[in-house]
Amino acid sequence: MNTPDQLVEQVKQATDYQINRILLKEKILEQLHMPYENGMFKLTPALLAFVSTWPTEILYLEDVYENPIEINKQVFLVKAQQHYQATMNFWHTEHAKLKQIRKV
Amino acid sequence: MQSSNKSEKSKGIIIFAFNTEKIDYVKIADRASILATRQLGLPITLVTDVDSDPEFEYDQVIKVENKGKNYRSYMDQGQIQWRNLDRYMAYELSPYEETILLDADYLMFDNSIGKLWQQDFDYRLMHTNRNIDGPAYSLMGELTHELIWATVILFRKTTKAKLLFDLVGRIQRNYNYYKKLYLCSGPYRNDYAFAMADRILNGYTSTAYAGIPWSMMTIDYEINSIDIKDNMFVVRNKDKAVVIPKTNLHVMSKEYLLSDNCKQLIENTK
């Protein structure tokens with residue numbers, strides 16, 4: 001049987017789900033950045049939706065460094081969707097693992 | 001600004017490590033180098049003392065006479081000795097045209113830094129940091145500008161990058177003046193010097209938008225152990241455990257970096 005001291009030690013070693021969740025999100029924010037044609041883009045649903053509905057094949061987008069980057073719509077979309085999907089899948093998988101871990 | 005598209009450019013990492021009376025920084029650099037070369041596959045140059053004896057197989061070991069010392073408060077241990085005064089020499093000492101200047105206490109568990117090379121830039125600095133138990137302080141003092149973390153710096157051999165490093169050297173040599181100008185306190189810090197130099201070089205304006213666009217993750221307390229569970233790190237100290245994804249870590253606890261657990265962690269993340 002655990003003594004009170006041992007129980008206190010165990011509680012101290014429990015982990016806070018909310019902190020773990022935020023730290024995982026920090027990693028995802030980094031992973032959502034995708035380099036393309038000398039630019040760096042943070043992939044968001046809004047960006048993907050905007051590009052997919054743009055009527056011409058070539059467009060210019062502002063990247064995270066505030067530079068206008070020429071975008072080939074189809075090339076960018078394929079790359080960005082794959083990158084976004086892989087990152088979100090990773091986030092979902094890792095988040096599911098976090099939920100399994102004992103929390104306080 | 002120079003183009004990043006020339007494949008013939010040499011690329012590598014440079015780490016500074018000078019042992020102090022209490023801390024074997026060269027051993028810490030050896031460990032960080034194992035991870036960095038594993039993730040990025042780049043050659044590493046170590047800048048160290050004349051009498052250092054590194055174990056890692058470095059691309060080059062540059063031995064310099066370094067008598068400099070500075071002192072900082074560190075994790076409630078009072079004033080301890082640091083020898084990080086020569087960082088501004090990285091531009092001149094780096095044998096590479098494209099260089100990642102790393103602190104020895106930065107452990108690379110992913111290759112995210114590598115994707116930054118795909119843009120044109122003179123240098124990139126780490127503007128934001130997050131401690132694992134909460135946001136980190138972001139100013140050089142209560143009434144002054146944002147600091148920059150000199151833990152990771154990417155630079156190319158360009159005129160502007162040279163100006164940055166030269167200016168950091170000038171700030172270091174005249175630190176009493178600059179720390180008053182920027183309302184900072186305490187001893188010399190590379191983080192502050194790079195922040196001041198970057199701001200001056202960019203017309204006295206904030207340049208956060210031009211930095212590395214994500215946060216560095218820092219563990220700023222004593223660590224008992226870091227274990228891998230389901231491809232995640234479980235970081236434990238005497239009071240708590242935190243679960244973090246496998247990501248690059250700035251580990252401030254030098255005791256941990258020299259521990260057997262850290263050695264094991266590096267071996268287990270192959």
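What follows is a short exchange on the cores, a helix pair, the chain contact and one residue of a predicted model.

In this predicted model, local features need pLDDT of at least 70 and side-chain atom pairs count only at pLDDT 80 or more, while totals for chains, interfaces and linings use all residues. Residues are numbered from 1 along each chain as its sequence is written, and chains are lettered from A and ligands numbered from 1 in the order in which they are written.

Trainee: Which helix gives the most to the largest nonpolar core?

Mentor: A nonpolar core is a set of buried Ala, Val, Leu, Ile, Met, Phe, Trp, Tyr and Cys residues joined through C-beta atoms within 7 Å. Buried means 20 or more other C-beta atoms within 10 Å of a residue's own, exposed 12 or fewer, partly exposed in between, with C-beta atoms placed from the backbone. The largest core has 81 residues, and B:Ile15 and B:Ala29 are among those with the most contacts inside it. With nine residues, the top contributor is helix α1 (residues 25–40) of chain B.

Trainee: How many residues does the second, separate core have?

Mentor: This core includes A:Phe41, A:Ile71, A:Phe76 and A:Ala80. Its count is six residues.

Trainee: Are α3(A) and α4(A) roughly parallel or antiparallel?

Mentor: Helices (H or I, at least four residues) and strands (E, at least two) are DSSP runs, numbered from the N terminus. Axes are lines fitted to C-alpha atoms, for helices over the stretch in contact, with angles from 0 to 180 degrees between N-to-C directions. The axes of α3 (residues 45–53) and α4 (residues 73–100) of chain A come within 10 Å and cross at roughly 155 degrees. Angles over 145 count as roughly antiparallel, so α3(A) and α4(A) are roughly antiparallel.

Trainee: Which element supplies the largest share of the side of chain A that touches chain B?

Mentor: Contact means C-beta atoms, placed from the backbone, within 7 Å. Each chain gives 25 residues. On chain A, α2 (17–31), β1 (33–36), β2 (39–42) and α4 each supply at least two. The largest share, eight residues, comes from α2(A).

Trainee: Why is B:Asn131 classed as partly exposed?

Mentor: B:Asn131 lies in strand β9 (residues 129–131) of chain B. Beyond residues up to four places away in sequence, B:Asn131 touches B:Ala136, B:Thr218 and B:Asp220. B:Asn131 is partly exposed because its count of other C-beta atoms within 10 Å is 17.

Terms used
Parallel < 35°, antiparallel > 145°, perpendicular 65-115°, else oblique. Contact = placed C-beta atoms within 7 Å.
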